[in-house]
Amino acid sequence: MMAAAAHAAPGRIAVALGEMGRGGLNMASGLGVALNNNLPLQCTSVCLAF
């Protein structure tokens, strides 16, 4: 959500970074907002193997 809001002000591409688990799931709602508003958003999800 914050990446979508950050884009709305200056008009530049926004970047969202989510970690595995809850971070990736929380990012899904922000991606929906960006998609519905036709906002350019680069989304990256990280999965670290332990």
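Here is a short walk through the fold, from the whole chain down to one loop residue. Keep in mind that this is a predicted model.

Start with the overall layout. The protein chain has 2 helices and 2 strands, and if you follow the sequence they come in the order α-β-α-β. Of its 50 residues, 18% count as buried. The chain exposes about 3800 Å², with carbon and sulfur atoms supplying 61% of that area. As for who touches whom, take the contacts with a separation of 6 or more: residues 24 or more positions apart account for 68% of them.

Now look at the strands. S1 and S2 pair in the parallel sense, over 6 bridges. To get from S1 to S2 the chain passes through H2, and this β-α-β crossover is right-handed. If you want a spot to find the pairing on screen, try Ala16, which stands opposite Cys43 in S2.

Strand S1 itself spans residues 14–19 and has two faces. Ala14, Ala16 and Gly18 make up the covered face, while Val15, Leu17 and Glu19 sit on the uncovered one. That every-other-residue pattern fits a general rule: in a regular strand, side chains alternate between the two faces of the sheet.

Finally, move on to the loop between helix H2 (22–36) and strand S2 (41–46), where you'll find Asn38. Its backbone is worth a click: phi of Asn38 is near 55 degrees, a positive value in a residue other than glycine. Is Asn38 buried or exposed? Asn38 has a relative accessible area of 69%, and the cut-off for exposed is over 50%, so Asn38 counts as exposed.

Technical notes. Residues are numbered from 1 along each chain as its sequence is written. This is a predicted model: local features need pLDDT of at least 70, side-chain atom pairs count only at pLDDT 80 or more; totals for chains, interfaces and linings use all residues. Side-chain values use heavy atoms; hydrogens and water are left out. Helices (H or I, at least four residues) and strands (E, at least two) are DSSP runs, numbered from the N terminus. Buried means under 20% relative accessible area, exposed over 50%, partly exposed in between (1.4 Å probe, protein chains only). Contact means heavy atoms within 4.5 Å. Accessible areas come from the Shrake-Rupley method with a 1.4 Å probe; for residues, only the protein chains shown count as cover. Two strands pair if DSSP finds at least two bridges between them. A crossover is right-handed if, with the strands pointing away from the viewer, the path from the first strand over the helix to the second runs clockwise.
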